[in-house]
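This report looks at aromatic contacts and cysteines in the structure shown below.

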Amino acid sequence: MSETAPATPGGLVVTGCDVLRVPAEGECEILRAQDIVVAHGRIQEVGPTGTAVAETAAEVIDGRGLLAVPGLVNAHTHSPMVLMRGAAEDVTVEGWFNDRVWPMESNLTPADVRAGALLACAEMIRSGVTAFADHYFFPEGIAEAVAGTGLRADIAPTYFSSRGAAALEETVAFAEKWHGQAGGRVTVSLGPHAPYTVDDADLRTLSGHARRLGLRMHIHAAEHLEQTEAGLRRRGITPIRVLHETGVLDAGALIAHGCGIVAQDLPLLAEYADRTAVACCPKVYLKHALFPLTPVRELLDAGVTVAAGTDGAAGHNTLDMWEALRLVALTQKQAVRDATWMTVSDTLRLATRGGARALGLQDRIGALEPGMRADIVLTDLSGLHCRPLHDPRAALVYSARATDVRTVIVDGRVLMLDGRLLTVDEPALLAEAEARVARILDTSHGRAVQHYDP
(Lines give C-alpha, C1' and ligand atoms only; values in the text may rest on other atoms or scores of the structure.)
Protein backbone atom coordinates (compact mmCIF):
# COMPACT_ATOMS: atom_id res chain seq x y z
CA MET A 1 0.00 0.00 0.00
CA SER A 2 1.29 3.46 -0.78
CA GLU A 3 -0.81 6.53 -1.38
CA THR A 4 -4.13 6.85 0.34
CA ALA A 5 -7.07 8.72 -1.09
CA PRO A 6 -9.73 9.31 1.53
CA ALA A 7 -13.09 10.68 0.56
CA THR A 8 -12.78 14.44 0.20
CA PRO A 9 -14.40 16.11 3.26
CA GLY A 10 -16.04 18.72 1.08
CA GLY A 11 -17.28 16.13 -1.37
CA LEU A 12 -16.60 15.58 -5.03
CA VAL A 13 -18.03 16.64 -8.36
CA VAL A 14 -17.57 14.86 -11.69
CA THR A 15 -18.27 17.48 -14.33
CA GLY A 16 -19.33 17.29 -17.94
CA CYS A 17 -19.55 13.51 -18.28
CA ASP A 18 -22.22 11.47 -20.00
CA VAL A 19 -24.04 9.16 -17.58
CA LEU A 20 -25.42 5.67 -18.10
CA ARG A 21 -28.84 5.49 -16.47
CA VAL A 22 -29.76 1.92 -15.53
CA PRO A 23 -33.43 1.71 -14.57
CA ALA A 24 -34.85 -1.22 -12.63
CA GLU A 25 -36.71 -2.23 -15.81
CA GLY A 26 -36.69 -1.19 -19.44
CA GLU A 27 -34.07 0.41 -21.62
CA CYS A 28 -30.90 1.94 -20.29
CA GLU A 29 -30.25 5.45 -21.58
CA ILE A 30 -27.37 7.88 -21.94
CA LEU A 31 -27.77 11.23 -20.20
CA ARG A 32 -25.56 13.73 -22.01
CA ALA A 33 -23.30 16.34 -20.37
CA GLN A 34 -24.07 15.78 -16.72
CA ASP A 35 -22.49 16.69 -13.38
CA ILE A 36 -22.47 14.14 -10.58
CA VAL A 37 -22.34 15.70 -7.13
CA VAL A 38 -21.06 13.54 -4.26
CA ALA A 39 -21.06 14.34 -0.54
CA HIS A 40 -20.22 12.05 2.38
CA GLY A 41 -19.84 9.09 0.04
CA ARG A 42 -23.31 9.41 -1.49
CA ILE A 43 -24.54 10.77 -4.79
CA GLN A 44 -26.42 13.97 -4.02
CA GLU A 45 -27.41 15.04 -7.49
CA VAL A 46 -27.08 14.11 -11.16
CA GLY A 47 -28.00 16.96 -13.46
CA PRO A 48 -27.10 18.92 -16.59
CA THR A 49 -23.65 20.44 -16.43
CA GLY A 50 -23.62 23.77 -14.66
CA THR A 51 -26.94 23.31 -12.89
CA ALA A 52 -25.85 21.06 -10.01
CA VAL A 53 -24.96 22.66 -6.68
CA ALA A 54 -21.88 21.34 -4.87
CA GLU A 55 -20.13 22.20 -1.64
CA THR A 56 -17.50 24.87 -2.18
CA ALA A 57 -14.65 22.61 -1.00
CA ALA A 58 -15.54 19.83 -3.42
CA GLU A 59 -12.84 18.07 -5.38
CA VAL A 60 -13.52 18.41 -9.12
CA ILE A 61 -12.89 15.70 -11.70
CA ASP A 62 -13.18 16.68 -15.34
CA GLY A 63 -15.41 14.06 -16.96
CA ARG A 64 -15.71 15.63 -20.40
CA GLY A 65 -15.46 13.02 -23.14
CA LEU A 66 -16.05 10.19 -20.66
CA LEU A 67 -19.05 8.01 -19.87
CA ALA A 68 -19.89 7.45 -16.21
CA VAL A 69 -21.28 4.00 -15.46
CA PRO A 70 -22.29 2.39 -12.17
CA GLY A 71 -19.39 0.39 -10.77
CA LEU A 72 -19.45 -3.18 -12.08
CA VAL A 73 -20.21 -5.93 -9.57
CA ASN A 74 -18.35 -9.24 -9.76
CA ALA A 75 -20.98 -11.49 -8.19
CA HIS A 76 -18.80 -14.56 -7.68
CA THR A 77 -15.05 -14.93 -7.46
CA HIS A 78 -12.20 -16.33 -5.39
CA SER A 79 -9.88 -13.34 -5.47
CA PRO A 80 -6.63 -14.91 -4.14
CA MET A 81 -6.72 -17.48 -6.95
CA VAL A 82 -5.03 -14.90 -9.18
CA LEU A 83 -1.85 -16.52 -7.81
CA MET A 84 -2.80 -19.68 -9.80
CA ARG A 85 -3.66 -17.88 -13.02
CA GLY A 86 -2.90 -20.16 -15.98
CA ALA A 87 -1.67 -23.03 -13.80
CA ALA A 88 -4.54 -25.45 -14.48
CA GLU A 89 -5.29 -25.43 -18.18
CA ASP A 90 -6.75 -27.99 -20.60
CA VAL A 91 -7.87 -30.44 -17.92
CA THR A 92 -11.18 -32.01 -16.96
CA VAL A 93 -13.20 -30.60 -14.08
CA GLU A 94 -12.08 -33.53 -11.93
CA GLY A 95 -8.43 -33.00 -12.90
CA TRP A 96 -8.72 -29.27 -12.32
CA PHE A 97 -9.82 -29.82 -8.71
CA ASN A 98 -8.04 -33.02 -7.70
CA ASP A 99 -4.74 -32.76 -9.57
CA ARG A 100 -4.14 -29.02 -9.69
CA VAL A 101 -6.18 -26.51 -7.71
CA TRP A 102 -7.01 -28.25 -4.46
CA PRO A 103 -3.42 -29.53 -4.07
CA MET A 104 -2.13 -25.99 -4.72
CA GLU A 105 -4.57 -24.54 -2.23
CA SER A 106 -3.20 -26.83 0.46
CA ASN A 107 0.02 -24.76 0.23
CA LEU A 108 -1.64 -21.42 0.98
CA THR A 109 -0.83 -19.36 4.05
CA PRO A 110 -2.77 -16.35 5.34
CA ALA A 111 -0.01 -14.11 3.96
CA ASP A 112 -0.39 -15.73 0.52
CA VAL A 113 -4.12 -15.08 0.56
CA ARG A 114 -3.66 -11.45 1.53
CA ALA A 115 -1.09 -10.92 -1.25
CA GLY A 116 -3.35 -12.61 -3.79
CA ALA A 117 -6.36 -10.60 -2.68
CA LEU A 118 -4.39 -7.35 -3.01
CA LEU A 119 -3.33 -8.29 -6.54
CA ALA A 120 -6.94 -9.14 -7.39
CA CYS A 121 -8.21 -5.87 -5.93
CA ALA A 122 -5.76 -3.92 -8.06
CA GLU A 123 -6.86 -5.81 -11.18
CA MET A 124 -10.52 -5.21 -10.43
CA ILE A 125 -10.05 -1.50 -9.76
CA ARG A 126 -8.26 -1.16 -13.09
CA SER A 127 -11.16 -2.86 -14.88
CA GLY A 128 -13.96 -0.87 -13.26
CA VAL A 129 -15.14 -3.42 -10.70
CA THR A 130 -16.12 -1.60 -7.53
CA ALA A 131 -17.74 -4.47 -5.58
CA PHE A 132 -17.28 -8.23 -5.54
CA ALA A 133 -18.57 -11.34 -3.79
CA ASP A 134 -15.67 -13.47 -2.60
CA HIS A 135 -15.61 -17.07 -1.37
CA TYR A 136 -12.28 -18.28 -0.01
CA PHE A 137 -10.02 -19.42 2.81
CA PHE A 138 -8.27 -17.14 5.34
CA PRO A 139 -10.90 -14.41 4.87
CA GLU A 140 -9.20 -11.96 7.24
CA GLY A 141 -6.52 -11.31 4.62
CA ILE A 142 -9.14 -10.63 1.98
CA ALA A 143 -11.03 -8.27 4.28
CA GLU A 144 -7.81 -6.39 5.05
CA ALA A 145 -7.05 -6.07 1.33
CA VAL A 146 -10.52 -4.73 0.61
CA ALA A 147 -10.39 -2.30 3.51
CA GLY A 148 -6.98 -0.99 2.48
CA THR A 149 -7.57 -0.64 -1.25
CA GLY A 150 -10.96 1.04 -0.86
CA LEU A 151 -13.05 -1.51 -2.73
CA ARG A 152 -16.38 -2.95 -1.62
CA ALA A 153 -16.83 -6.68 -1.05
CA ASP A 154 -19.07 -9.30 0.45
CA ILE A 155 -16.74 -11.98 1.80
CA ALA A 156 -17.78 -15.58 2.47
CA PRO A 157 -15.25 -17.77 4.30
CA THR A 158 -15.07 -21.14 2.52
CA TYR A 159 -16.12 -24.01 4.79
CA PHE A 160 -15.86 -27.77 4.22
CA SER A 161 -17.37 -30.22 6.73
CA SER A 162 -14.07 -32.11 6.60
CA ARG A 163 -12.49 -29.18 8.45
CA GLY A 164 -14.55 -29.85 11.56
CA ALA A 165 -16.46 -27.92 14.20
CA ALA A 166 -13.63 -25.54 15.05
CA ALA A 167 -13.52 -24.27 11.47
CA LEU A 168 -17.27 -23.73 11.49
CA GLU A 169 -16.94 -21.66 14.64
CA GLU A 170 -14.12 -19.64 13.05
CA THR A 171 -16.40 -18.91 10.09
CA VAL A 172 -19.08 -17.49 12.37
CA ALA A 173 -16.53 -15.54 14.41
CA PHE A 174 -15.20 -13.90 11.24
CA ALA A 175 -18.72 -12.85 10.30
CA GLU A 176 -19.36 -11.38 13.72
CA LYS A 177 -16.11 -9.42 13.60
CA TRP A 178 -16.07 -8.12 10.03
CA HIS A 179 -19.65 -7.63 8.85
CA GLY A 180 -20.19 -3.90 8.29
CA GLN A 181 -16.54 -2.95 8.78
CA ALA A 182 -14.46 -0.54 6.65
CA GLY A 183 -17.24 2.02 6.80
CA GLY A 184 -19.75 -0.57 5.61
CA ARG A 185 -17.71 -1.52 2.54
CA VAL A 186 -17.01 -5.00 3.94
CA THR A 187 -20.03 -7.23 4.43
CA VAL A 188 -20.00 -10.95 5.16
CA SER A 189 -21.97 -13.96 3.99
CA LEU A 190 -21.55 -17.45 5.40
CA GLY A 191 -19.78 -19.66 2.89
CA PRO A 192 -20.44 -23.41 2.97
CA HIS A 193 -18.64 -24.65 -0.12
CA ALA A 194 -21.30 -26.88 -1.68
CA PRO A 195 -23.91 -29.52 -0.80
CA TYR A 196 -21.44 -32.25 -1.78
CA THR A 197 -18.68 -31.00 0.55
CA VAL A 198 -20.83 -29.77 3.47
CA ASP A 199 -23.17 -32.18 5.22
CA ASP A 200 -26.80 -31.36 5.92
CA ALA A 201 -26.25 -30.87 9.65
CA ASP A 202 -23.60 -28.21 9.02
CA LEU A 203 -25.77 -26.53 6.39
CA ARG A 204 -28.58 -26.31 8.95
CA THR A 205 -26.23 -24.95 11.60
CA LEU A 206 -24.83 -22.30 9.28
CA SER A 207 -28.32 -21.38 8.07
CA GLY A 208 -29.31 -20.84 11.68
CA HIS A 209 -26.31 -18.59 12.28
CA ALA A 210 -27.12 -16.64 9.11
CA ARG A 211 -30.67 -15.98 10.29
CA ARG A 212 -29.44 -15.05 13.78
CA LEU A 213 -26.90 -12.57 12.42
CA GLY A 214 -29.04 -11.25 9.57
CA LEU A 215 -26.57 -12.54 6.97
CA ARG A 216 -26.90 -14.36 3.69
CA MET A 217 -25.30 -17.56 2.38
CA HIS A 218 -22.92 -17.83 -0.59
CA ILE A 219 -22.67 -21.41 -1.87
CA HIS A 220 -21.79 -23.41 -4.97
CA ALA A 221 -24.79 -25.53 -5.96
CA ALA A 222 -25.94 -27.40 -9.06
CA GLU A 223 -22.72 -26.19 -10.69
CA HIS A 224 -23.38 -28.40 -13.69
CA LEU A 225 -25.91 -31.01 -14.74
CA GLU A 226 -23.77 -33.98 -13.72
CA GLN A 227 -23.83 -32.74 -10.11
CA THR A 228 -27.61 -32.60 -10.18
CA GLU A 229 -27.83 -36.06 -11.72
CA ALA A 230 -25.41 -37.41 -9.10
CA GLY A 231 -27.55 -35.92 -6.33
CA LEU A 232 -30.66 -37.52 -7.76
CA ARG A 233 -28.93 -40.92 -7.96
CA ARG A 234 -27.46 -40.79 -4.46
CA ARG A 235 -30.18 -39.01 -2.51
CA GLY A 236 -33.21 -38.78 -4.74
CA ILE A 237 -33.20 -34.98 -4.57
CA THR A 238 -31.44 -32.16 -6.42
CA PRO A 239 -28.79 -29.91 -4.85
CA ILE A 240 -31.28 -27.02 -4.89
CA ARG A 241 -33.75 -29.08 -2.85
CA VAL A 242 -30.95 -29.76 -0.38
CA LEU A 243 -30.60 -25.98 0.03
CA HIS A 244 -34.35 -25.77 0.60
CA GLU A 245 -34.48 -28.58 3.16
CA THR A 246 -31.48 -27.29 5.15
CA GLY A 247 -32.70 -23.70 5.40
CA VAL A 248 -30.12 -22.16 3.10
CA LEU A 249 -32.71 -20.70 0.75
CA ASP A 250 -34.75 -19.42 3.66
CA ALA A 251 -31.73 -17.55 5.03
CA GLY A 252 -31.08 -16.01 1.60
CA ALA A 253 -28.57 -17.40 -0.85
CA LEU A 254 -26.21 -16.36 -3.58
CA ILE A 255 -25.84 -19.54 -5.63
CA ALA A 256 -22.69 -19.84 -7.70
CA HIS A 257 -23.20 -21.15 -11.24
CA GLY A 258 -26.49 -23.08 -11.10
CA CYS A 259 -25.92 -24.62 -14.54
CA GLY A 260 -27.53 -27.80 -13.22
CA ILE A 261 -30.72 -26.09 -12.10
CA VAL A 262 -33.58 -28.12 -13.60
CA ALA A 263 -37.30 -27.50 -14.09
CA GLN A 264 -38.29 -29.01 -10.74
CA ASP A 265 -35.97 -26.55 -8.95
CA LEU A 266 -37.60 -23.42 -10.34
CA PRO A 267 -40.71 -23.38 -8.10
CA LEU A 268 -38.44 -23.78 -5.05
CA LEU A 269 -36.26 -20.89 -6.10
CA ALA A 270 -39.29 -18.77 -6.96
CA GLU A 271 -40.56 -19.27 -3.40
CA TYR A 272 -37.44 -17.52 -2.12
CA ALA A 273 -36.98 -15.14 -5.05
CA ASP A 274 -36.91 -12.08 -2.79
CA ARG A 275 -33.61 -13.29 -1.24
CA THR A 276 -32.09 -15.63 -3.80
CA ALA A 277 -29.65 -14.88 -6.61
CA VAL A 278 -27.61 -16.93 -9.06
CA ALA A 279 -24.19 -15.86 -10.34
CA CYS A 280 -23.47 -16.77 -13.97
CA CYS A 281 -19.78 -17.14 -14.92
CA PRO A 282 -19.86 -18.40 -18.51
CA LYS A 283 -16.15 -18.35 -19.37
CA VAL A 284 -15.40 -21.18 -16.96
CA TYR A 285 -18.27 -23.24 -18.35
CA LEU A 286 -16.89 -22.84 -21.86
CA LYS A 287 -13.34 -23.70 -20.74
CA HIS A 288 -14.46 -26.85 -18.93
CA ALA A 289 -16.86 -27.87 -21.71
CA LEU A 290 -19.81 -27.86 -19.30
CA PHE A 291 -23.36 -28.11 -20.58
CA PRO A 292 -25.87 -26.57 -20.23
CA LEU A 293 -25.27 -22.99 -19.16
CA THR A 294 -26.95 -21.19 -16.27
CA PRO A 295 -30.66 -21.06 -17.24
CA VAL A 296 -30.82 -17.29 -17.05
CA ARG A 297 -34.11 -16.81 -18.89
CA GLU A 298 -35.94 -19.38 -16.75
CA LEU A 299 -34.53 -17.92 -13.54
CA LEU A 300 -35.51 -14.38 -14.44
CA ASP A 301 -38.97 -15.59 -15.43
CA ALA A 302 -39.22 -17.15 -11.95
CA GLY A 303 -38.33 -13.79 -10.40
CA VAL A 304 -34.86 -14.89 -9.29
CA THR A 305 -32.05 -12.34 -9.51
CA VAL A 306 -29.23 -13.23 -11.89
CA ALA A 307 -25.84 -11.56 -11.79
CA ALA A 308 -22.55 -11.94 -13.64
CA GLY A 309 -19.26 -13.11 -12.19
CA THR A 310 -15.80 -14.20 -13.19
CA ASP A 311 -15.21 -17.08 -10.76
CA GLY A 312 -11.56 -17.34 -9.75
CA ALA A 313 -8.71 -16.49 -12.09
CA ALA A 314 -7.42 -20.07 -11.87
CA GLY A 315 -10.33 -20.90 -14.17
CA HIS A 316 -11.42 -17.59 -15.71
CA ASN A 317 -7.82 -16.28 -16.04
CA THR A 318 -8.94 -12.67 -15.59
CA LEU A 319 -11.20 -10.76 -13.23
CA ASP A 320 -12.41 -8.67 -16.17
CA MET A 321 -16.14 -8.11 -15.85
CA TRP A 322 -16.38 -6.58 -19.33
CA GLU A 323 -15.36 -9.95 -20.68
CA ALA A 324 -17.76 -11.73 -18.34
CA LEU A 325 -20.81 -9.62 -19.16
CA ARG A 326 -20.08 -9.91 -22.88
CA LEU A 327 -19.97 -13.70 -22.61
CA VAL A 328 -23.23 -13.74 -20.65
CA ALA A 329 -24.94 -11.90 -23.50
CA LEU A 330 -23.43 -14.01 -26.26
CA THR A 331 -23.85 -17.42 -24.65
CA GLN A 332 -27.40 -16.73 -23.55
CA LYS A 333 -28.42 -15.70 -27.04
CA GLN A 334 -26.93 -18.92 -28.33
CA ALA A 335 -28.43 -21.05 -25.54
CA VAL A 336 -32.01 -20.00 -26.28
CA ARG A 337 -31.39 -19.42 -30.00
CA ASP A 338 -32.91 -15.96 -29.86
CA ALA A 339 -30.85 -12.98 -31.03
CA THR A 340 -33.36 -10.58 -29.46
CA TRP A 341 -32.83 -12.04 -25.99
CA MET A 342 -30.35 -10.66 -23.43
CA THR A 343 -30.36 -7.15 -24.86
CA VAL A 344 -27.59 -4.67 -24.15
CA SER A 345 -29.82 -3.01 -21.53
CA ASP A 346 -30.58 -6.34 -19.85
CA THR A 347 -26.90 -7.23 -19.83
CA LEU A 348 -25.81 -3.93 -18.31
CA ARG A 349 -28.54 -4.20 -15.68
CA LEU A 350 -27.41 -7.72 -14.81
CA ALA A 351 -23.82 -6.53 -14.23
CA THR A 352 -24.84 -3.52 -12.11
CA ARG A 353 -28.24 -3.69 -10.41
CA GLY A 354 -28.29 -7.48 -10.64
CA GLY A 355 -24.90 -7.72 -9.00
CA ALA A 356 -25.92 -5.28 -6.30
CA ARG A 357 -29.01 -7.33 -5.49
CA ALA A 358 -26.98 -10.55 -5.50
CA LEU A 359 -24.78 -9.06 -2.76
CA GLY A 360 -27.79 -7.76 -0.82
CA LEU A 361 -26.69 -4.19 -1.55
CA GLN A 362 -29.45 -3.07 -3.91
CA ASP A 363 -30.30 -0.13 -1.67
CA ARG A 364 -26.70 1.15 -1.81
CA ILE A 365 -25.16 0.47 -5.21
CA GLY A 366 -25.96 -0.54 -8.79
CA ALA A 367 -27.14 2.78 -10.23
CA LEU A 368 -25.97 6.39 -10.43
CA GLU A 369 -28.88 8.00 -8.66
CA PRO A 370 -29.27 10.41 -5.74
CA GLY A 371 -29.07 8.56 -2.44
CA MET A 372 -26.89 5.74 -3.77
CA ARG A 373 -23.32 5.29 -2.60
CA ALA A 374 -20.91 6.96 -5.00
CA ASP A 375 -19.43 3.96 -6.81
CA ILE A 376 -18.64 5.54 -10.16
CA VAL A 377 -16.54 4.38 -13.11
CA LEU A 378 -15.48 6.77 -15.86
CA THR A 379 -14.88 5.02 -19.18
CA ASP A 380 -13.29 6.33 -22.34
CA LEU A 381 -14.99 5.01 -25.48
CA SER A 382 -12.87 7.05 -27.89
CA GLY A 383 -10.66 4.11 -28.91
CA LEU A 384 -10.71 2.74 -32.45
CA HIS A 385 -12.34 -0.47 -31.21
CA CYS A 386 -15.42 1.56 -30.15
CA ARG A 387 -15.67 3.95 -33.11
CA PRO A 388 -17.84 5.13 -34.72
CA LEU A 389 -19.85 5.27 -31.51
CA HIS A 390 -23.42 4.73 -32.71
CA ASP A 391 -24.67 3.36 -29.39
CA PRO A 392 -22.55 3.71 -26.24
CA ARG A 393 -24.61 1.01 -24.52
CA ALA A 394 -23.71 -1.50 -27.22
CA ALA A 395 -20.08 -0.40 -27.04
CA LEU A 396 -20.03 -1.13 -23.30
CA VAL A 397 -21.33 -4.65 -23.82
CA TYR A 398 -19.58 -5.69 -27.03
CA SER A 399 -16.56 -3.43 -27.54
CA ALA A 400 -15.28 -1.97 -24.27
CA ARG A 401 -12.08 -3.21 -22.66
CA ALA A 402 -10.75 -3.00 -19.14
CA THR A 403 -8.15 -0.55 -20.42
CA ASP A 404 -10.94 1.86 -21.34
CA VAL A 405 -11.53 2.52 -17.64
CA ARG A 406 -9.94 5.81 -16.67
CA THR A 407 -11.15 6.72 -13.17
CA VAL A 408 -12.74 4.66 -10.40
CA ILE A 409 -14.54 6.02 -7.35
CA VAL A 410 -15.91 3.94 -4.46
CA ASP A 411 -17.92 5.50 -1.64
CA GLY A 412 -16.80 8.91 -2.87
CA ARG A 413 -13.11 7.99 -2.64
CA VAL A 414 -11.01 8.09 -5.79
CA LEU A 415 -9.16 4.78 -6.14
CA MET A 416 -7.84 5.34 -9.65
CA LEU A 417 -7.48 8.71 -11.37
CA ASP A 418 -6.81 8.93 -15.10
CA GLY A 419 -5.32 5.42 -15.14
CA ARG A 420 -3.17 5.83 -12.02
CA LEU A 421 -3.91 3.61 -9.02
CA LEU A 422 -3.91 5.62 -5.81
CA THR A 423 -4.30 2.92 -3.15
CA VAL A 424 -1.96 0.18 -4.38
CA ASP A 425 1.82 0.05 -4.80
CA GLU A 426 1.80 -2.04 -7.98
CA PRO A 427 5.56 -2.78 -8.28
CA ALA A 428 5.81 -3.93 -4.66
CA LEU A 429 2.63 -5.96 -4.96
CA LEU A 430 3.78 -7.74 -8.13
CA ALA A 431 7.18 -8.50 -6.63
CA GLU A 432 5.60 -10.04 -3.56
CA ALA A 433 3.17 -12.14 -5.58
CA GLU A 434 5.92 -13.44 -7.89
CA ALA A 435 8.02 -14.43 -4.88
CA ARG A 436 5.23 -16.68 -3.59
CA VAL A 437 4.04 -18.56 -6.64
CA ALA A 438 6.72 -21.27 -7.01
CA ARG A 439 5.91 -22.66 -3.56
CA ILE A 440 2.17 -22.38 -4.12
CA LEU A 441 2.25 -24.21 -7.46
CA ASP A 442 4.28 -27.17 -6.12
CA THR A 443 1.93 -30.19 -5.93
CA SER A 444 4.61 -32.85 -5.40
CA HIS A 445 3.56 -33.29 -1.75
CA GLY A 446 0.35 -35.11 -2.69
CA ARG A 447 -1.90 -33.16 -0.30
CA ALA A 448 -5.21 -31.51 -1.18
CA VAL A 449 -7.74 -29.42 0.73
CA GLN A 450 -10.54 -31.69 -0.44
CA HIS A 451 -11.35 -34.42 -2.99
CA TYR A 452 -13.80 -33.63 -5.77
CA ASP A 453 -16.43 -36.36 -6.08
CA PRO A 454 -19.88 -34.78 -6.24
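## Aromatic pairs around Y452

F97 and Y452 are both buried, a term that stands for under 20% relative accessible area, with exposed over 50% and partly exposed in between (1.4 Å probe, protein chains only); for Y452 the relative accessible area is 3%. The model is predicted, so that local features need pLDDT of at least 70 and side-chain atom pairs count only at pLDDT 80 or more, while totals for chains, interfaces and linings use all residues. Residues are numbered from 1 along each chain as its sequence is written, and side-chain values use heavy atoms, with hydrogens and water left out.

Rings of Phe, Tyr and Trp (its six-membered ring) pair if their centres lie within 6.5 Å, and planes under 30 degrees apart count as stacked, over 60 as edge-to-face and the rest as tilted. There are nine aromatic pairs by this rule. The rings of F97 and Y452 are stacked, because their centres are 4.5 Å apart and their planes lie at 10 degrees. Y196 and Y452 form an edge-to-face pair, with ring centres 5.6 Å apart and planes at 90 degrees. Ring pairs join W96, F97, W102, Y136, F137, F160, Y196 and Y452 into a cluster.

## Cysteines

A search of the whole structure finds zero disulfides, a disulfide being a pair of cysteine sulfur atoms within 2.5 Å. For C121, the nearest cysteine sulfur is that of C281, 17 Å away, and C121 is buried at 0% relative accessibility. The sulfur of C280 lies 6.5 Å from the closest cysteine sulfur, in C259, which is too far for a bond; C280 is also buried, with a relative accessible area of 1%.
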